[in-house]
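User: Hi, I am new to this structure and would like a friendly tour of it. Could you show it to me and then take my questions?

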Amino acid sequence: EHRWDSREHMVRESRQDRELGTCPRESPSLHSHFTTLTITREPRSKHGAKDGAVGTGQGCASTSSRAATTATTTTMLFEPSGDGQTPQVVVLVGAPGMGKTTMVRKVMVEWGEGALHTQFDLVFCIDCKAIILPMEASVADLVSRCCPGLQVPAGKILDDQKKILFIFDGFEALGFSLVHPEAELSSDPREVKPLELTLMSLLKKTLLPKASLLITMRPTALGSLRQCLKGENYMEILGFSAARREEYFHRYFENPNKADVAFRFVRGNEILYSLCVIPIMSWTICTILEQELCGKKNLLECSKTTTGMMMFYLSQLLKHRDRDNPQVLQQFLLQLCSLAAEGIWKHKVLFEEKEIKDCGLDLPGLLPYFLNERIPREGEDHESVYAFTHLHLQEFFAAMFYVLEDDGGMISSLGRLEKDVNKLLESYNKSRKDLNVTVRFLFGLVSQKSIEYMDKTIGCRISPRAREELLEWLQGRHRGLSHPGQAMKVSEMDTFHFLFEMNEKSFAQSALGHFTDLDLQDTRLTLYDQMALSFCIQHWAGLGSVTLQGCSFHWRDPEAELDVSVPWVWWAGEQQGQVRCAEPLFSVLSHSLQWCQLSESCWAELAALLAEHPCLAQLELADSSLGDSGVRLLCEGLRTPGCRLRILR
């Protein structure tokens, strides 16, 4: 009876959470939408984090030096450790959006269904972020607040010394220092004391010493809690493994075709795919792609760039922050972006506590959303260090540093880094290819859509001044690569990435207007690459020829090459036509096409092009393995009503 009452309360709380927006997606069944998370199982008090800050870097990709496991059932959280001891206290650590609350809901649902009955007779869950707790309370009071429909007085339940699990979700929201002498602690579950002392009594086991505790919290709040606990197991949520990312997409969309289209789109974009290790980022991307797929069969004309998805993610992180003082947020982001940029320049991902304080970033209401804290291991004498939740997030904020409006001077808060866009671009051009993602985000941030979105949705002012510098740099870098007397050509794939990230027709036309040739050599073109090329070709009025020598085209898994292998493609003439689903690049090739060294498997694709592009008037096929089957397929294409070919060589 107690179990049923508690479960009903849990369901009621879960519905309220969804209304508050803390549960991203309404779901009829947690089981059908729950995707397994990767969780480290080593006690931090013994081992600590061996490869940088907690929950940072590439998430699951960085677990090689740590023993990680996938917790398919919640019973594994309280499994005996290597020494055979069953932990009574489990601290589940994770950055915002890593899935801590989802794991708590999973525990409650599985217990309500009977999966945890051998471990616990009763489970009481307190959402520290949502519930309003009194200044003074006993444990019995907490139980009554947690489950107001109990048929038996809470004190009597606790007297029975049953196997009880207390869950505190979002423990850091209570804001307790947890520093009190043990003489003040309680041993009576009915004794009313200041709430902090009551909780400390539970943590230190002077109250209900046989009860188990599951505590979820962010890494930045772990320091004070560690001083209270003994014999605890620390676990860290690292996010989704590679296989689980794809599983999440299928669980989210339910429609397998849409799931395949969305995941293929993300798999072709290395930045997005890497970020999907963070569950809330996977949800963010799926939410956007679901809107994009509404009424469409593909994502080849997706209106949201990588930068656009990052900005939406940022708006979700800040959704429930205090909006009364936008100046505080603007100043915080200025300092955060300065820190990110200095780190990128110095190949630095870990920051000392002193640096955080010197930058004025030690604001508990904002810091945990962006930086994770690594607590020193036992025996280490240095202070805590911090890191961004993911390297690409640091690169995004580093790009923001150069364009975020600053009412003061052009010097960063630490006084060492200038907001010199040209210096960033020239360093990238000469030797610092690791700045590629930062430069790509820079282009995305100064688009007109981004400027308006950041201002209206997040309350941050982006300066458009860098647009002119970016345009001049793009035009100048390719002029230097073209020899005197030769056609002005673009031969760097990243140029198309940058223009696609900005996604503005007029800017692309201005950047490419002085060039006539596109020449790429030995390039492996992902679906994202092909989309970027297609966008630029459509807005490149002066383009006369395209050479793709030794290039290969990939549509699905980056490890698997597409059947269409194109060792040499050359074409000339005007561009017409629109991007279509299966051939994002080929569909914009028109008028005159020379296609050399084609394999037999390519002829069906070529025949389809003849039918779908009536503007194609001249076709040259050289050094190709045509064969009888190729001739038949080619003739099928020539016979279609849509074919307007005039010359075939």
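Analyst: Happily, and one term comes first: two strands pair if DSSP finds at least two bridges between them. Helices (H or I, at least four residues) and strands (E, at least two) are DSSP runs, numbered from the N terminus. This is a predicted model, in which local features need pLDDT of at least 70, side-chain atom pairs count only at pLDDT 80 or more, and totals for chains, interfaces and linings use all residues. Residues are numbered from 1 along each chain as its sequence is written, and side-chain values use heavy atoms, with hydrogens and water left out.

User: Which residue in β12 is the bridge partner of Glu 373?

Analyst: Strand β12 covers residues 385-388 and pairs with β11 in the antiparallel sense over 4 bridges. Leu 371 stands opposite Phe 388 in β12. For Glu 373, the bridge partner in β12 is Tyr 386.

User: In what order do the 3 strands of the open sheet stand?

Analyst: β10 and β12 pair in the antiparallel sense over 2 bridges, with Phe 351 opposite Tyr 386 in β12. The 3 strands form an open sheet with antiparallel pairing, in the order β10-β12-β11. β10 (351-352) and β11 (371-374) each have a single partner strand, so one side of each is left without a neighbour in the sheet, and the strands at the edges are β10 and β11.

User: Are the residues Val 385, Tyr 386, Ala 387 and Phe 388 of β12 buried or exposed?

Analyst: Buried means under 20% relative accessible area, exposed over 50%, and partly exposed in between (1.4 Å probe, protein chains only). Val 385 and Ala 387 point one way from β12, while Tyr 386 and Phe 388 point the other way. On that scale, all of them are buried.

User: How many of the 13 residues of α16 are buried?

Analyst: Helix α16 (residues 391-403) reaches 19 Å from its first C-alpha to its last, close to the 18 Å expected at 1.5 Å a residue; that expected span is 1.5 Å times one less than the number of residues. Among its buried residues are His 392, Phe 397 and Val 403. The helix is largely enclosed by the rest of the structure, because the buried residues number 12 of the 13.

User: Which helix gives the most to the largest nonpolar core?

Analyst: A nonpolar core is a set of buried Ala, Val, Leu, Ile, Met, Phe, Trp, Tyr and Cys residues joined through side-chain atoms within 4.5 Å. The largest one has 140 residues, and those with the most contacts inside it are Phe 249, Phe 370, Phe 397 and Leu 518. With 11 residues, the helix that gives the most to this core is α13 (residues 326-345).

User: How many residues does another core, the one with Leu 225 among them, have?

Analyst: Leu 225 lies in helix α7 (residues 222-226) and is buried, with a relative accessible area of 0%. Leaving aside neighbours within four places in sequence, Leu 225 is in contact (heavy atoms within 4.5 Å) with residues including Val 91, Phe 171 and Met 217. The core that has Leu 225, Val 143, Leu 174 and Leu 197 among its residues lies apart from the largest one, and its size is 43 residues.
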